[in-house]
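Visitor: I have a chain and its coordinates open in front of me, and I would like to learn how to read them feature by feature. Could you take me through them slowly?

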Amino acid sequence: MSSSWDQTTFSLSPRSKGCYLITDEILRNIPQIKDYQIGMVNLFLQHTSAGLTLNENYDPDVRKDMTSSLDRMVPEGDFYIHSDEGPDDMPGHVKSSTVGVNLNIPITNGRLAVGTWQGIWLCEFRTYKHTRRIVATINGQKRK
């Protein structure tokens, strides 16, 4: 059997600083995932002051705790050399490198093969609302 490829680029709804469960928004933008029997989807965030992670999908307090934990780990301050875009810019870059900007998730029977309590998060590290773009690349065997 040969493998198939699909790729699409889309924008997420604008969001301000925080961690957001975006699994449903991702799935709305890649409906072709249902065509794959088995495969992988790579989600790549085209930005350097936000991140993607796979984490708790049920309790929203976890997202609040993650935001505050990342702020404690990488605080804003006047000790950064790079501050062209404001005091949240350089901490956003550090957090983005810490969290990461891409995910690889298996596909099984047309669905993401995530665990029961796992969901895709956008971690927005800038104070003001930003629109973020994702490139989704799917590779695998399509259903017959």
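Visitor: Let me begin with charged side chains: which residue's side chain does R132 meet in a salt bridge?

Guide: This is a predicted model, so please take each distance as a value computed from it. The idea is to look for a basic side-chain nitrogen lying within 4 Å of a carboxyl oxygen. Here the side chain of R132 meets that of E124, with 2.7 Å from N to O.

Visitor: Are R132 and E124 buried or exposed?

Guide: The reasoning needs a cut-off, namely that a residue is called buried when its relative accessible area is under 20%. R132 counts as buried because its relative accessibility is 4%, and E124 counts as buried at 1%.

Visitor: How many salt bridges does the count come to, and which parts of the chain does the pair of E25 and R15 tie together?

Guide: The count comes to 10 salt bridges. In one of them the side chains of E25 and R15 meet at 2.6 Å, N to O; E25 belongs to helix α1 (residues 23–29) while R15 sits in the loop between β1 (4–11) and β2 (18–21), so the pair ties together parts that are 10 residues apart in sequence. Both E25 and R15 are buried.

Visitor: What does the salt bridge between R126 and D88 link?

Guide: The side chains of R126 and D88 meet at 3.0 Å, N to O, and the pair links distant parts of the chain, since R126 is in the loop between β7 and β8 and D88 is in the loop between α2 (60–73) and α3 (89–99), 38 residues apart. R126 and D88 are buried, and a network of salt bridges links E85, D88, D89 and R126.

Visitor: Turning to the nonpolar interior, how many residues does the largest nonpolar core have, and which strand gives the most to this core?

Guide: To find a core, one follows buried nonpolar residues that are joined through their side-chain atoms. The largest such core has 22 residues, and those with the most contacts inside it are I22, I26, V41, L43, L52, I120 and I134. At least two residues of this core come from each of β3 (36–45), β4 (50–56), β5 (102–108), β7 (118–124) and β8 (133–142), and β3 gives the most, with 4 residues. Apart from this core lies another, of 5 residues, among them C19, L70, W121 and F125.

Visitor: With which residues is L43 in contact, once its neighbours within four places in sequence are left aside?

Guide: With those neighbours left aside, the contacts of L43 are I26, L52, V101, N102, L103, I105, I120, I134, V135 and A136. A second residue to read in this way is T53 in strand β4, which counts as buried because its relative accessibility is 17%; leaving aside neighbours within four places in sequence, T53 is in contact with V99, L103, G119, I120, W121 and C123.

Visitor: How should I read a helix, and which residues of α2 are buried?

Guide: One can begin with the length, then ask which way the residues face. Helix α2 has 14 residues and reaches 20 Å from its first C-alpha to its last, close to the 20 Å expected at 1.5 Å a residue. Its buried residues are R63, T67 and L70, and seen down the axis of α2 they fall within an arc of 70°, so they line one face of the helix. The face turned away from that buried side carries the exposed residues K64, R72 and M73, while the buried residues of α2 pack against β2, β4, α3 and β7. At the start of α2, a side-chain oxygen of D59 reaches to within 2.9 Å of the backbone nitrogen of D61.

Visitor: And which residues are buried in α3?

Guide: In α3 the buried residues are D89, P91, G92, H93, K95 and S96, and what covers them includes β4 and α2. Just after α3, G100 takes a positive phi of about 105°.

Visitor: Finally, how many helices and strands does the chain come to?

Guide: The secondary structure comes to 3 helices and 8 strands, which follow the pattern β-β-α-β-β-α-α-β-β-β-β along the sequence. Of the 144 residues in the chain, buried residues make up 40%.

Key: Residues are numbered from 1 along each chain as its sequence is written. This is a predicted model: local features need pLDDT of at least 70, side-chain atom pairs count only at pLDDT 80 or more; totals for chains, interfaces and linings use all residues. Side-chain values use heavy atoms; hydrogens and water are left out. A nonpolar core is a set of buried Ala, Val, Leu, Ile, Met, Phe, Trp, Tyr and Cys residues joined through side-chain atoms within 4.5 Å. Buried means under 20% relative accessible area, exposed over 50%, partly exposed in between (1.4 Å probe, protein chains only). Contact means heavy atoms within 4.5 Å. The expected span of a helix is 1.5 Å times one less than its number of residues. The arc is that of the directions from the helix axis to the C-beta atoms. A polar contact is a pair of N or O atoms within 3.5 Å; within protein, one must be able to donate a hydrogen and the other to accept it, and residues adjacent in sequence count only if both atoms are side-chain atoms.
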